[in-house]
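Trainee: I should like to take a close look at a single part of this model. Would you please guide me through one helix and its surroundings, step by step?

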Amino acid sequence: MESKSRLLKGLGTGIIFGFLLHRGGVTDYNVLVGQLLLEDFTVAKIILTAIVVGMIGVHFLSDRNIIELKPKSGSFQRTLSGGLIFGVGFALLGYCPGTIAGAIGQGSIDALIPGLLGIFTGSFLFAAFYEKFSDSIDKNNFKVDTFPELFKVNHWKVIIPLSAVIIIFLLWLESIGF
Amino acid sequence: MKQLIFAGSWSPYLVGTLIGFLSWSSFIVSKKPLGTSTSYARASAKLGSICCGDTVFDWKYYQKYKPELEWQSMLVIGIVIGSFISAVFSGEFNLSFIPQTEFKSILNQNIMGRIFSAFIGGIMLGFGARLAGGCTSGHGISGAFQLSIASWISLISFFVGGAAAAFLIL
C-alpha cells in the first residue's frame with residue numbers, strides 16, 4: 001500500500017476536484033446528457049478550458065524539469081472502440097467515472113447503486129476479456145505517444161495553435177448563444 | 001468570496017481554469033495526472049472474487065493494477081466528499097433516484113428503466129474506459145493536455161459515441 005501522506009494527497013486533490021465538478025454543474029444528469037444532445041455546452045467549455053490552462057502550465061513546468069509528463073499510450077483500434085463503447089455507456093448512464101463520484105456526493109442514488117455496480121461489473125468483464133486476449137489488445141501500440149513526437153516538432157508549435165483554435169471555438173460558441 | 005462559496009454554480013470557464021490549476025498542482029505535489037477510472041478496475045477485483053473465487057486476483061490485469069487502496073482511489077473518494085460539501089453549501093444536496101431532466105424517456109423517468117439504463121450504461125462505461133485506457137478525466141483532460149495521440153482519439157470517440165447514442169435513445 002502507498003504511504004499515508006500519498007493517500008492524503010490523493011484525498012485532498014479529490015475533494016477539490018469534486019467541489020469543482022459539482023460547482024461547474026457537471027455532476028448533474030441533465031447537464032451531461034444535454035451536452036451529448038448538443039443543447040448544453042457546459043461540459044465542452046469546462047474540458048476545453050481545462051485543456052488549454054493545463055497544457056500551457058504542465059509543459060512550462062516540464063520544460064524546467066519541475067515535473068515529468070506521463071502521456072498515455074495505446075493503439076488506434078483500442079482507443080477508438082473503447083472510446084465509442086464508453087460514449088454509449090455515458091449516454092445511457094448519464095455520468096462518467098469522475099462525475100458519477102460527484103453525483104453520489106450530491107445524493108443521486110441511481111449513481112450509487114446501479115451505476116457504480118455497472119462500472120465495477122464492466123471493469124471486471126474487461127479484466128476477464130484481457131485474461132484471454134491480452135496479446136491482441138496490447139498489439140499495434142502507437143510508435144510515439146504524443147503529437148509533437150509524431151510531427152517531429154517542438155511541443156509549443158502544437159500548443160500555441162491548438163490553444164488558439166480552442167479559444168476561437170469557445171468564443172464562437174458564446175457568439176451563437178450557447 | 002462568501003457569495004461565491006454559496007452560489008449554486010460557477011462559470012464553466014472559471015471551473016475549467018481551476019481544474020487546469022489543479023492539474024498543475026497534482027503533477028507537482030503527487031507526480032500524477034488527474035484520472036479516475038483505474039480505481040474502479042482495481043476495486044472490481046473484490047467484486048469479481050465474490051462470483052468467481054480468489055483466482056481472479058492472479059489474473060494478468062489485476063497483477064498490473066493490484067486491487068489496493070492507492071492515490072487515485074483516494075482521489076475518487078475525495079470527489080464524493082468534495083461534491084457533497086459543495087452541494088450542502090449551495091443547498092442542492094438531495095436524495096434522488098430518478099434524475100430531474102427535460103430529456104424525459106422511459107430510460108430515466110421509470111424506476112426499472114433507470115435501473116436498466118444506469119446498470120447497462122455503467123457496464124459499457126467500465127469496459128470502454130479499460131479498453132480505451134482512461135476516461136473523461138484521465139484521457140479527456142489530463143491525456144489531451146499532454147498531447148497524447150491515444151487521448152485525443154479517445155476524447156473524440158467518447159463524444160461521438162455518446163452523441164450518437166443520446167440522439168437514438170432520448
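Mentor: The account below begins with the two chains, turns to helix 2 of chain B, and then follows its neighbours.

Please keep in mind throughout that this is a predicted model. Chain A has eight helices and zero strands, so its elements read α-α-α-α-α-α-α-α from the N terminus. Along the principal axes, the C-alpha atoms of chain A fill a box of roughly 50 × 45 × 40 Å. Of its 178 residues, 51% count as buried. Among the contacts in chain A between residues at least 6 apart in sequence, 55% join residues at least 24 apart.

Chain B, to which our helix belongs, has nine helices and zero strands. Its C-alpha trace spans about 55 × 45 × 30 Å along the principal axes. Buried residues make up 53% of the 170 residues in chain B. For contacts in chain B with a separation of 6 or more, residues 24 or more positions apart account for 48%.

The two chains meet in a contact that takes 106 residues from chain A and 113 residues from chain B. On the side of chain A that touches chain B, at least two residues come from each of helix 1 (4–23), helix 2 (29–36), helix 3 (42–63), helix 4 (76–93), helix 5 (97–105), helix 6 (109–137) and helix 7 (147–151) of chain A. Helix 6 of chain A gives the largest share of that side, 19 residues. By character, the residues on the side of chain A that touches chain B divide into 57 nonpolar, 37 polar and 12 charged.

Now to the helix itself. Helix 2 of chain B covers residues 12–30, which is 19 residues. From its first C-alpha to its last it reaches 25 Å, close to the 27 Å expected at 1.5 Å a residue. After the helix comes B:K31, whose phi is positive, near 55 degrees.

Which residues of helix 2 of chain B are buried? They are B:P12, B:V15, B:G16, B:L18, B:I19, B:G20, B:L22, B:S23, B:S26 and B:F27. When reading such a list, recall that an α-helix has 3.6 residues a turn, so residues three or four places apart point the same way. The buried residues of helix 2 of chain B pack against helix 1 and helix 3 of chain A, together with helix 8 of chain B.

Let us take helix 3 of chain A from among these partners. Two packed helices are described by the angle between their axes and the distance between the axes. The axes of helix 3 of chain A and helix 2 of chain B cross at roughly 35 degrees and come within 7 Å. Their crossing is right-handed. From helix 3 of chain A, the contact is made by A:T42, A:K45, A:I46, A:L48, A:T49, A:A50, A:V53, A:G54, A:G57, A:V58 and A:L61. Helix 2 of chain B contributes B:P12, B:Y13, B:V15, B:G16, B:T17, B:I19, B:G20, B:F21, B:S23, B:W24, B:F27 and B:I28. The residues of this contact divide into 14 nonpolar, eight polar and one charged.

Another partner is helix 8 of chain B, residues 136–145, which packs with helix 9 (residues 149–169) of chain B at an angle of about 130 degrees, their axes being 8 Å apart. Helix 8 and helix 9 of chain B are therefore oblique to each other. Helix 8 of chain B passes helix 9 of chain B in a left-handed crossing. In their contact, B:T136, B:H139, B:G140, B:G143 and B:A144 of helix 8 meet B:A150, B:S151, B:W152, B:S154, B:L155 and B:F158 of helix 9. These residues divide into five nonpolar, six polar and no charged.

Two residues of the loop between helix 8 and helix 9 of chain B complete the view. B:Q146 lies in this loop and counts as buried because it has 25 C-beta neighbours inside 10 Å. Beyond residues up to four places away in sequence, B:Q146 touches A:V58, A:L69, A:P71 and A:T146. Here A:V58 appears again, a residue of helix 3 of chain A that takes part in the contact with helix 2 of chain B. B:L147 lies in the loop as well; although it is not a glycine, it has a positive phi of about 65 degrees. B:L147 is also buried, with 24 other C-beta atoms within 10 Å.

Methods. Residues numbered from 1 in each chain as written. Chains lettered and ligands numbered in written order. Predicted model: local features only at pLDDT ≥ 70, side-chain atom pairs only at ≥ 80, totals over all residues. Contact = placed C-beta atoms within 7 Å. Helix = DSSP H or I, 4+ residues; strand = E, 2+ residues; numbered from the N terminus. Nonpolar A, V, L, I, M, F, W, Y, C, P; charged D, E, K, R; others polar. Axes fitted to C-alpha atoms, helices over the stretch in contact; angles between N-to-C directions. Parallel < 35°, antiparallel > 145°, perpendicular 65-115°, else oblique. Left-handed = near helix turned anticlockwise from the far one by under 90°. Buried ≥ 20, exposed ≤ 12 C-beta atoms within 10 Å, placed from the backbone. Expected span 1.5 Å × (residues − 1).
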